[in-house]
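Take a look at the model below before reading on. The paragraphs that follow start with a sheet, move to the cores, and end with charged pairs.

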Amino acid sequence: MFKERTLTILADTNRKGAFQILKELIAFGVVKKEMPYFYFAKFLYRKEITNYKDYLSRKQVDLISFSKNLHHFQYASILRNKLAFAFYMEKNNLPVPKMMSYNLGNRFFFQSNVEIITDKQNLIKYFKTVFVHTGHKKVFVKAITEMGGTGAYLITEENLEEQINVSGDYILANDCIHQEVVIQHELVNKIYAHSVNTIRFDTYMDKNDEIHIISGYMRFGAGGSVLDNSSSGGFYVTVDIENGKLIGKSHQFMRYGGEQSDRHPDTGVVFEGYKIPYFEEACKLVKDAVTHIPDRIIGWDIAIGKDGPLIIEGNDNNSLLGPDIAYGGLLKHPLFKEILEEA
């Protein structure tokens with residue numbers, strides 16, 4: 001991994017000179033009082049980055065992520081458990097993909113019935129029953145406690161047996177929810193239609209209980225992938241919170257190559273200025289969601305459906321790596337001094 005990242009940096013024609021990098025690397029380490037790992041992970045060696053000290057250090061990220069003043073167990077337990085989250089959102093009439101069924105290991109729950117399933121053949125029969133009784137031909141399966149796309153599978157009626165042969169062992173051995181597949185808005189499908197491309201909003205509830213959206217960026221799949229996660233090799237594009245338009249080039253994490261582009265590699269759609277539909281409604285929705293789960297910093301994944309935004313999930317343990325890169329250093333944000341003080 002270290003060798004691959006080194007080669008990525010050396011191959012980057014947009015990097016600063018060696019002396020400048022060394023000088024900034026030392027300065028970043030001194031100012032942040034830690035090994036300057038994030039200097040490379042956040043691409044601060046690139047020529048256009050002149051404010052490298054405005055980026056969060058690992059210590060600052062950990063301070064925010066593990067703060068008992070910003071995060072509370074009772075709220076985090078709802079956010080981290082996708083089953084509890086789905087039930088809670090539906091109970092409070094917040095728009096989420098409808099849960100069709102779920103399983104706790106080999107116990108499968110559908111329409112108030114419980115069935116013990118121990119092999120793939122019976123698992124295939126189970127999903128056939130779900131499709132018949134719900135009228136749906138697709139279901140999205142997600143592990144209840146995993147993150148970053150781990151344990152996420154799109155299962156369709158057409159390719160049911162093939163997909164269960166791939167994912168069946170995992171589903172049978174783990175706890176998963178089975179949700180309706182989001183029908184994505186046509187303007188989002190125009191950019192990339194194979195995955196549900198979610199907007200990651202980061203919200204902050206200040207010391208006066210006012211809710212702020214501190215960042216937003218949109219994640220896209222590519223190459224036929226059904227996942228949009230930037231932590232699974234996808235990429236993301238900054239969103240202007242004021243007008244809901246995409247800004248500039250895409251970003252990709254270092255471990256996946258760190259490539260940038262001004263357009264989607266599959267469809268050729270240019271990002272700059274592309275207006276996201278229902279964006280104002282999405283902003284209102286995340287603020288409403290915070291009133292129901294008042295953890296002080298949450299990363300929300302919002303899909304844009306054909307009739308409006310839907311909440312996919314919330315994260316109390318978001319790394320802030322994505323928005324720090326997307327917004328060119330979060331320490332520039334006027335609220336971050338308060339956030340660090342509150343942490």
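Two strands count as paired if DSSP finds at least two bridges between them. The model is predicted. With that rule in hand, start at strand S7, residues 199–205, and strand S8, residues 211–220. They run antiparallel, and 7 bridges join them. Arg200 stands opposite Tyr217 in S8. Keep Arg200 in mind for the charged pairs.

Now widen the view to the whole sheet. It is open, has 6 strands, and follows the order S10-S9-S8-S7-S11-S12. The pairing is antiparallel. Strand S10 (245–251) and S12 form the edges, each pairing on one side only. Neighbouring strands are turned by 30 degrees against each other on average, direction ignored. Helix H6, residues 82–91, packs on this sheet. H6 touches S11 and S12, and its direction makes about 140 degrees with that of S12.

Next, look at the S12 end of the sheet. S11 and S12 pair in the antiparallel sense over 7 bridges. A hairpin joins S11 to S12 through 2 residues. Within this pairing, Asp301 has Glu313 in S12 as its bridge partner. Is S12 enclosed or open to its surroundings? Of its 8 residues, 308–315, 8 are buried, so S12 is largely enclosed by the rest of the structure. This holds for a strand that pairs on one side only.

What lies between these elements? Nonpolar side chains tend to be buried together in soluble globular proteins. Here the largest nonpolar core has 36 residues. Phe201, Leu246, Trp300 and Ile311 touch the most other members. Helix H5 (73–80), H6, S7, S8, strand S9 (235–240), helix H10 (279–292) and S11 each supply at least two residues. H10 gives the most, with 7 residues. Ile311 shows how such a member is surrounded. Leaving out residues up to four places away in sequence, Ile311 touches, among others, Phe85, Met89, Leu285, Ala289 and Trp300. Its contacts also include Leu94, Pro95, Val96 and Pro97. A second core is separate and has 33 residues, including Ile21, Ile49, Leu70 and Ala326.

Move on to helix H4, residues 58–65. Gln60, Val61, Ile64 and Ser65 are buried there. They cover an arc of only 130 degrees around the axis, which puts them on the same side of H4. The buried residues of H4 pack against helix H2 (18–32), helix H3 (37–41), strand S11 (297–305) and helix H12 (336–342).

Ile297 shows the S11 part of this region. This residue is found in strand S11. With a relative accessible area of 2%, Ile297 is buried. Its contacts include Ile64, Leu70, Thr203, Tyr204 and Ile339, not counting residues up to four places away in sequence. Ile297 and Ile211 are 86 residues apart in sequence, yet their C-alpha atoms are 9.6 Å apart in space.

Finally, the charges. The count comes to 13 salt bridges. Which of their partners are buried, and which are exposed? Begin with Asp169 and Lys120, whose side chains meet at 3.5 Å, N to O. Asp169 lies in helix H8 (residues 160–173) and Lys120 in helix H7 (residues 120–134), so the pair ties together parts that are 49 residues apart in sequence. Asp169 counts as exposed at 52% relative accessibility. Lys120 counts as partly exposed at 21%.

Return to the sheet for another pair. The side chains of Asp301 and Arg200 meet in a salt bridge at 2.6 Å, N to O. Asp301 in strand S11 and Arg200 in strand S7 are 101 residues apart, so the pair links distant parts of the chain. Asp301 counts as buried at 5% relative accessibility. Arg200 is buried too, at 9%.

One more pair sits by H12. Arg296 forms a salt bridge with Glu342, the closest N and O atoms being 2.9 Å apart. Arg296 lies in the loop between H10 and S11 and Glu342 in helix H12, so the pair ties together parts that are 46 residues apart in sequence. Both Arg296 and Glu342 are buried. Salt bridges that share partners also join Arg200, Arg219 and Asp301 into one network.

Methods. Residues are numbered from 1 along each chain as its sequence is written. This is a predicted model: local features need pLDDT of at least 70, side-chain atom pairs count only at pLDDT 80 or more; totals for chains, interfaces and linings use all residues. Side-chain values use heavy atoms; hydrogens and water are left out. Buried means under 20% relative accessible area, exposed over 50%, partly exposed in between (1.4 Å probe, protein chains only). Helices (H or I, at least four residues) and strands (E, at least two) are DSSP runs, numbered from the N terminus. The arc is that of the directions from the helix axis to the C-beta atoms. Contact means heavy atoms within 4.5 Å. Axes are lines fitted to C-alpha atoms, for helices over the stretch in contact, and angles run from 0 to 180 degrees between N-to-C directions. A nonpolar core is a set of buried Ala, Val, Leu, Ile, Met, Phe, Trp, Tyr and Cys residues joined through side-chain atoms within 4.5 Å. A salt bridge is a side-chain nitrogen of Lys or Arg within 4 Å of a carboxyl oxygen of Asp or Glu.
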